[in-house]
Amino acid sequence: MKKKEEMLENRIGEIIASKGYLKKYIAFQLGVSQNQVSNWVTGKSYPTIPNLFRLADLLGVKVDDLFIRVKDED
């Protein structure tokens, strides 16, 4: 029996957009580059755990809201 694989769906970009923030503002507030924020949004990289919590605080959401767990149904 094959184990179902779990993946994370990134919601960072969606939440940033819904709050009306620019990536430039997020980057400045967190002390990171705009490129880093863009990479988080596209899933090329992920925030460090401290930045994940700071980002969630800045956006007024829980860390859990930044990603959705998706199960592969194969």
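Let me start with helix 4, residues 49–59, whose buried residues are Asn51, Leu52, Leu55, Ala56 and Leu59; buried here means under 20% relative accessible area, exposed means over 50%, and partly exposed lies in between, with a 1.4 Å probe and protein chains only. Helices (H or I, at least four residues) and strands (E, at least two) are DSSP runs, numbered from the N terminus. Seen down the axis of helix 4, these buried residues fall within an arc of 140 degrees, so they line one face of the helix, the arc being that of the directions from the helix axis to the C-beta atoms. As general background, an α-helix has 3.6 residues a turn, so residues three or four places apart point the same way.

Before going on, I should say that this is a predicted model, in which local features need pLDDT of at least 70 and side-chain atom pairs count only at pLDDT 80 or more, while totals for chains, interfaces and linings use all residues. Residues are numbered from 1 along each chain as its sequence is written, and side-chain values use heavy atoms, with hydrogens and water left out.

What do the buried residues of helix 4 pack against? They pack against helix 1 (12–19), helix 2 (23–30), helix 3 (34–42) and strand 2 (67–71), where contact means heavy atoms within 4.5 Å. On the face turned away from the buried side, helix 4 carries the exposed residues Pro50 and Asp57, and just after the helix Gly60 takes a positive phi of about 70 degrees.

Now to the core. The largest nonpolar core, meaning a set of buried Ala, Val, Leu, Ile, Met, Phe, Trp, Tyr and Cys residues joined through side-chain atoms within 4.5 Å, has 16 residues, and those with the most contacts inside it are Ile12, Ile26, Val37, Trp40, Leu55, Leu59 and Leu66. Helix 1, helix 2, helix 3 and helix 4 are the elements that give two or more residues to this core, and the largest share, four residues, comes from helix 4. Trp40, leaving aside its neighbours within four places in sequence, is in contact with several residues, including Ile12, Tyr46, Asn51 and Leu55.

Finally, the whole chain. The protein chain has four helices and two strands, which run β-α-α-α-α-β from the N terminus on, and its C-alpha trace spans about 50 × 20 × 20 Å along its principal axes. Buried residues make up 24% of its 74 residues, and residues 24 or more positions apart account for 63% of the contacts with a separation of 6 or more.
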